[in-house]
Amino acid sequence: MKLLSAAATLLVFLAPISTTARSLDIFRSSQSPIQVQAQSVGGDNPLEYCTDPSDNILDIQSVNLSPNPPLPGKTLVIEAKGTFHERIEQGAYVLLEVKYGLITLIRQTADLCEQIVNVDLKCPLEKGEMTLTKQVDLPKQIPPGKYTVHADVYTNDDRRITCLDARNIEFKGPF
């Protein structure tokens with residue numbers, strides 16, 4: 001659970017896969033599929049924006065993970081830099097989904113202000129630049145496999161703060 005909490009907090013606070021929308025076969029279209037390139041979050045991390053980040057309240061300059069990829073039983077260091085374009089008040093929330101392969105482990109709505117205490121912050125989050133450094137001790141017992149995390153973060157009046165995905169985070173067996 002510590003790993004999931006750390007991953008959720010990382011995604012809440014901060015983002016070379018492309019997705020394809022295929023034309024419906026019933027129209028028998030000869031058009032090519034629409035290609036949408038995901039936009040990566042700057043830094044050494046597996047994060048991508050879910051949507052165009054230009055209208056987000058949080059502008060993320062970079063997120064660095066060390067080690068990347070994270071390793072079971074090791075300390076993960078998270079360094080993030082970003083700018084809030086407005087103050088974030090109580091009532092902000094996160095739509096969070098964590099998958100292990102195709103299996104959904106978590107699908108929940110979480111209170112942002114309750115989650116950010118995990119990175120030694122509290123609400124309200126003030127407008128302006130912010131730098132975050134956090135160390136997380138990862139348990140040795142993380143089951144090997146590929147994990148995917150999705151976090152869509154909103155203000156208390158339903159305006160998007162950010163939306164991030166971490167796809168194919170792979171943990172390998174014991175070394």
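Me: Is Asn45 buried or exposed?
Reply: The model is predicted, so local features need pLDDT of at least 70 and side-chain atom pairs count only at pLDDT 80 or more, while totals for chains, interfaces and linings use all residues. Residues are numbered from 1 along each chain as its sequence is written, and side-chain values use heavy atoms, with hydrogens and water left out. Buried means under 20% relative accessible area, exposed over 50%, and partly exposed in between (1.4 Å probe, protein chains only). At a relative accessible area of 13%, Asn45 is buried.

Me: Which backbone oxygen does the side chain of Asn45 reach?
Reply: Asn45 sits in the loop between strand 3 (39-40) and strand 4 (47-49); strands (E, at least two residues) and helices (H or I, at least four) are DSSP runs numbered from the N terminus. A polar contact is a pair of N or O atoms within 3.5 Å; within protein, one must be able to donate a hydrogen and the other to accept it, and residues adjacent in sequence count only if both atoms are side-chain atoms. A polar atom of the Asn45 side chain lies 2.7 Å from the backbone nitrogen of Leu47. At 2.6 Å, the side chain also reaches the backbone oxygen of Val63.

Me: What is the bridge partner of Leu65 in strand 6?
Reply: Asn45 touches Leu65, one of its contacts beyond four places in sequence, where contact means heavy atoms within 4.5 Å. Strand 5 (58-66) is an edge strand, and eight bridges join strand 5 to strand 6 (residues 75-84) in an antiparallel arrangement; two strands pair if DSSP finds at least two bridges between them. In strand 6, Leu65 is bridged to Ile78.

Me: In what order do the three strands of the open sheet lie?
Reply: Strands of a sheet pair through backbone hydrogen bonds, either parallel or antiparallel. Here the pairing is antiparallel. The edges, each pairing on one side only, are strand 5 and strand 9 (128-137). The order is 5-6-9.

Me: Which strand gives the largest share of the largest nonpolar core?
Reply: A nonpolar core is a set of buried Ala, Val, Leu, Ile, Met, Phe, Trp, Tyr and Cys residues joined through side-chain atoms within 4.5 Å. The largest has 38 residues, of which Ile88, Leu112 and Ile161 touch the most other members. Among the elements giving two or more residues are strand 10 (145-154), helix 2 (112-115) and strand 11 (160-171). The largest share, five residues, comes from strand 11.

Me: Which residue in strand 11 is the bridge partner of Leu47?
Reply: Strand 11 runs antiparallel to strand 4, with three bridges between them, and antiparallel to strand 10, with nine bridges. On the strand 10 side, Val149 has Ala166 as its partner in strand 11. For Leu47, the bridge partner in strand 11 is likewise Ala166.

Me: How many residues apart in sequence are the parts that Cys50 and Cys163 tie together?
Reply: A disulfide is a pair of cysteine sulfur atoms within 2.5 Å, and Cys50 and Cys163 are joined with S to S 2.4 Å. Cys50 is partly exposed at 26%, whereas Cys163 is buried at 2%. Because Cys50 lies in the loop between strand 4 and strand 5 and Cys163 in strand 11, the separation in sequence is 113 residues.

Me: What is the angle about the S-S bond in the link of Cys113 and Cys123?
Reply: The sulfur atoms of Cys113 and Cys123 are 1.9 Å apart in a disulfide. Cys113 is in helix 2 and Cys123 in the loop between helix 2 and strand 9, and both are buried. The link is left-handed, with an angle about the S-S bond of -85°.
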